Amino acid sequence: MSLTAEKITYSYNEGTAAERPALRGVSVFVGRGGWVSVVGHTGSGKSTLAQHLNLLLTPKSGKIEIDGKTAVPGSSGARELRRKVGLVFQYPETQFFAETVREEIGFAPSNWGLKKDELEDCVRAAAAAAGLTPEVLESNPFRLSGGQRRRVAIASVIAMKPDYLVLDEPTAGLDAAGVRDLTRMLNEIRAGGLAVVQVTHDLKSALEHSDMMLVLEKGREIYAGTPEETASYLAEHPVKGLVLPPLVRFAGRMRQSGFDIPIISGIPAMLGALSEGARRI
Ligand SMILES: Nc1ncnc2c1ncn2[C@@H]1O[C@H](COP(=O)(O)OP(=O)(O)OP(=O)(O)O)[C@@H](O)[C@H]1O
Ligand SMILES: [Mg+2]
């Protein structure tokens, strides 16, 4: 079971003088329970890719496959496939409309003809998965903190019971504690079997939490690999707008000087490798 984009190309304003390629042959793969981070400078095509993954945009060439089925635009099957991929937009709270969190989270499922108690169960389960306590269900979503609002937005998507969760800059605008909480929550969601695709500027968080990473630059896929491989690549081939954490940069430099240091290890492992290296000198 997987979500795959295969050599996607896409241009906005196609066929007009304003046509600009936004994606030029980009591929990505995430299996159930996986976590892929898509990183890149502003304008590199991250959001355009995210919108392809939930079939909001249709590629000019290439294809999107969900659980082995190719999404054919406009087909009856495409609607069903689309439900499997939940997309949380950047600043999703700007799209809130309801007066209570319960109503906000329950909006999509309320159209499925569920009985009242089934709908309540669905809302509560989605809220809990997103780390919201039942009391918050009575609150006005507009009056919550930034972190809580982001959770409500994520719960609204989880309530649709997707198998894949695509988040466009989920940590944008959150403070350090908010980022930590959100990351913990995403790890729990993933442990429950959902796959996560995270679009982010935050290289540190992507290196720490994903299984795989995709680096985009000007619509091109310039690297795909594990966090370790990606960190090594970026240490040698800096990409505009992607700043490696200082410790990773330092490890990269030490490796270039011949020290056998794991590139994204924690400080203790790094100090151990350094003292081992110093003993040998
Ligand atoms: N609705 C649109 N109409 C025309 N061009 C667009 C539109 N949305 C994006 N673009 C262009 O497509 C390219 C890719 O944009 P996209 O929003 O996917 O990048 P991004 O990596 O998400 O950037 P950011 O980090 O700023 O969110 C950019 O050159 C952008 O200007
Ligand atoms: Mg974007």
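Begin by selecting Leu55, which sits in the loop between helix 1 and strand 4 (61–66). This is a predicted model, and in it Leu55 has a positive phi of about 65 degrees although it is not a glycine. Most residues other than glycine have a negative phi, so the backbone at this position deserves a look in stick view. Leu55 counts as buried because 21 C-beta neighbours lie inside 10 Å, where 20 or more are required.

**Helix 1**

Step back along the chain from Leu55 to helix 1, the element that Leu55 follows. Six of the eight residues of helix 1 are buried, so this helix is largely enclosed by the rest of the structure. The buried residues to colour are Lys46, Thr48, Leu49, Ala50, His52 and Leu53.

**Ligand 1**

Helix 1 leads directly to the next selection, since it gives the most to the shell around ligand 1, with three residues. To display the whole shell, select Tyr12, Asn13, Arg20, Ala22, Gly40, Thr42, Gly43, Ser44, Gly45, Lys46, Ser47 and Thr48, which surround ligand 1. The elements that contribute two or more residues to this shell are strand 2 (20–31) and helix 1 (46–53). If you colour the shell by residue character, two residues are nonpolar, eight are polar and two are charged.

**The sheet of six strands**

Keep Gly40 from the ligand shell selected, and look across from it: Gly40 stands opposite Leu216 in strand 9. Strand 3 (residues 35–40) and strand 9 (residues 212–217) pair here in the parallel sense, over five bridges. Now widen the selection to the open sheet of six strands, whose order is 6-7-8-3-9-10 and whose pairing is mixed. The edges of this sheet are strand 6 (85–88) and strand 10 (220–225), and each has a single partner strand, so one side of each is left without a neighbour in the sheet. When you turn the view to look along the sheet, note that its neighbouring strands are turned by 15 degrees against each other on average, direction ignored. Add helix 8 (residues 227–236), which packs on the sheet and touches strand 9 and strand 10, its direction making about 125 degrees with that of strand 10.

**Beyond strand 6: Tyr91**

Return to strand 6 and continue into the loop between strand 6 and helix 3 (101–106), where Tyr91 lies. Tyr91 is a residue other than glycine with a positive phi, near 50 degrees. Is Tyr91 buried or exposed? The count for Tyr91 is 14 C-beta neighbours inside 10 Å, and because the partly exposed class lies between 12 or fewer and 20 or more, Tyr91 counts as partly exposed.

**Val157 in helix 5**

Next select Val157, which is found in helix 5 (residues 146–158). Val157 is buried, with 23 other C-beta atoms within 10 Å. Leaving aside neighbours within four places in sequence, show the residues in contact with Val157, which are Gly86, Val88, Pro162 and Leu165. A distance label can also be drawn from Val157 to Pro92, as their C-alpha atoms are separated by 10 Å while the two residues are 65 residues apart along the chain.

**Pro170 after strand 7**

Val88 also serves as a guide to the next stop, since Val88 is in contact with Pro170. Pro170 lies in the loop between strand 7 (164–168) and helix 6 (176–191), and it counts as buried, with 27 C-beta neighbours inside 10 Å. Besides Val88, the contacts of Pro170 outside its neighbours within four places in sequence are Arg150, Leu182 and Gln198. A label between Pro170 and Val199 should read 7.6 Å from C-alpha to C-alpha, although the two are 29 residues apart in sequence.

**The whole chain**

Finally, clear the selections and zoom out to the protein chain, which has 10 helices and 10 strands. The radius of gyration of the protein chain is 21 Å, close to the 19 Å that the globule rule gives for 281 residues, so the chain is as compact as a globular protein of that length. Along the principal axes, the C-alpha atoms fill a box of roughly 70 × 50 × 35 Å. Of the 281 residues, 37% count as buried. Among the contacts with a separation of 6 or more, 64% come from residues 24 or more positions apart.

Technical notes: Residues numbered from 1 in each chain as written. Chains lettered and ligands numbered in written order. Predicted model: local features only at pLDDT ≥ 70, side-chain atom pairs only at ≥ 80, totals over all residues. Near = placed C-beta within 6 Å. Helix = DSSP H or I, 4+ residues; strand = E, 2+ residues; numbered from the N terminus. Nonpolar A, V, L, I, M, F, W, Y, C, P; charged D, E, K, R; others polar. Pairing = 2+ DSSP bridges. Axes fitted to C-alpha atoms, helices over the stretch in contact; angles between N-to-C directions. Contact = placed C-beta atoms within 7 Å. Rg over C-alpha atoms; globule rule 2.2 N^0.38 Å.
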